[in-house]
Every structure is written in C-alpha cells, then in structure tokens.
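Reader: Could you walk me through how the descriptive terms for this model are earned?

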Amino acid sequence: MGAIYRREMGSFFTSGIGYVFLTVFYIASGYFFYNDVIKSGLGDISPMFVSMFIVVIFLIPVLTMRLLSEEKKNRTDQGLLTAPISLWEIVLGKFFAAFTLFVIAESVIFIYALILKYLCKDMVWASLLGNYFAMLILGAAFIAIGVFISSLTENQMASAVVSVFFFLVLYAFDDSALEKINSNSFISKNFKISTRERIIEFLSHLSMRSRYTEFTRGIFSLSSVLFFLSIVFLFNFFTVKVLEKKRWA
C-alpha cells in the first residue's frame, strides 16, 4: 500500500492537480472565512464550514477523477491488478493519498483560528474542532465514493461529472427537500401515507447535509460519525469488488 500511496501523492503534484486543488480550496475558504466569519465579528467559525460544504462537492471529484480512470485509459490497470499486492492495498493506497491532500488543504483552518484568536478573544475552540472533524469525515466519505466512480470508467471527465451529480443528490436530501417530495401530488396520489413515510424516513437517513450540519451546530452525533465511516468502508469495498471483477476477467 505504501508504494501506491507514494506514487499517487507524487502524481498529484507532477500532474498539477494537487496545486489546483489546494489553490482553489484556499481561495474559497479564505473568502468564506472573511465574508462569513471576520465580517460578523464573532468567534464562531461554523458559518465558513457550512459554506465550504458546496465547495467540497465540486472539488473532491478533481482529486478522485483520475485515480482509477487514468489507469484504465492508459492500460496500466492490468499491470497493477497482476502485481503482488492485494486489491485492498491498491484501493486504500489511492484513497489515503487523496485523503492526505484533503487534510493538508483543510488544515489551513488552524491558520484562520490563529487570526480569529487575535481578532476575537472569545473564540469557540470546541466549535472549530468539531467542524474540522466533521469536514474530515465528510471528505473521507466523498473521496471513497469518488474513487468508486473512478473505477467504473476510463473517462476522467465522466468520472468527475457523475461524482458531482451524485454528491449534489446527497446534498439535496435535507429536510426541506424531503418535505417537498412528501407533498408532491404524484407521490401523494400513488403512495399510501405509511409508504410515503417509509420512503421519506429512508431518504432522510441518506442526508449528508443534515448530518454534517449537526456538527456545525455543535452537536456531536455518534450515529452520524458511524454513518460517514460506513460510507467510507462500503464504497472502498465496492471499489475492491469492481477491481476483483476486472482481475478475473
């Protein structure tokens, strides 16, 4: 796994993707830090994290789109699959490389924390750490999904577009969206109340936005932590299964 990890970390910067990702992340986070936090004059950094959710939706696919798609396009996937390493090592090596770059990007928050500490003496450190942790597990879940989608195609752009679409769908599953679904005339006419309630309840459990905003409001939810970690495991598992099918094919 170490060799895969080092190779991917190096390729992020030789290809320029790493620099693009970090630059856009820092510009976006800096803008929201100034606009949502500094201007408010408060010591709570939560508004910046709420705004960064949508930015992460579009940035994560930049990291993941080439991880396995490029291998397939360049026909290097066969050599990788026949190498004396397990499929889990391949998947986790690529996953942790992307996650490491994400951690590097997100850690700029501690520089913002020092600035805020200087400007505002009553800074809420518990809120900052809670939001930092929430963004980490959200990013890990998105990266795992992105790696899986990348394993399905050799077209990097298609991988990125599908990833963004999938993330936006998950983003849309918040309370207001589900209420609109529940009140939709077609659904009201064609589904019983009990069935509608089950559908809404199921979709509400898939809401990454609702679970993420719990942390931004200072609520630590173990079930939400387990939800994000389960997403990480499941989609890495699905990626392994995709590679396993290719290996035997």
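Author: Happily; here are a few terms, each set against its cut-off. This is a predicted model, with local features needing pLDDT of at least 70, side-chain atom pairs counting only at pLDDT 80 or more, and totals for chains, interfaces and linings using all residues. Residues are numbered from 1 along each chain as its sequence is written, and side-chain values use heavy atoms, leaving out hydrogens and water.

Reader: Why is α3 called roughly parallel to α8?
Author: Helix α3 (residues 46-64) and helix α8 (residues 125-150) pack at about 20°, with axes 9 Å apart. Angles under 35 degrees count as roughly parallel, so α3 is roughly parallel to α8.

Reader: What makes the contact of α3 with α8, by class?
Author: Contact means heavy atoms within 4.5 Å. Among the residues making it are Phe-49 and Phe-53 of α3 and Met-135 and Phe-142 of α8. By class, the contact has 12 nonpolar, seven polar and no charged residues. Here Ala, Val, Leu, Ile, Met, Phe, Trp, Tyr, Cys and Pro count as nonpolar, Asp, Glu, Lys and Arg as charged, and the others, Gly among them, as polar.

Reader: Why does Val-240 count as buried?
Author: Val-240 lies in helix α14 (residues 222-248). Buried means under 20% relative accessible area (1.4 Å probe, protein chains only); Val-240 has 5% relative accessibility, so Val-240 counts as buried.

Reader: Which residues is Val-240 in contact with, leaving aside neighbours within four places in sequence?
Author: Those are Leu-87, Trp-88 and Val-91. Val-240 and Leu-92 are 148 residues apart in sequence, yet 9.4 Å apart in space, C-alpha to C-alpha.

Technical notes: Axes are lines fitted to C-alpha atoms, for helices over the stretch in contact, and angles run from 0 to 180 degrees between N-to-C directions. Helices (H or I, at least four residues) and strands (E, at least two) are DSSP runs, numbered from the N terminus. Angles under 35 degrees count as roughly parallel, over 145 as roughly antiparallel, 65 to 115 as roughly perpendicular and the rest as oblique. Buried means under 20% relative accessible area, exposed over 50%, partly exposed in between (1.4 Å probe, protein chains only).
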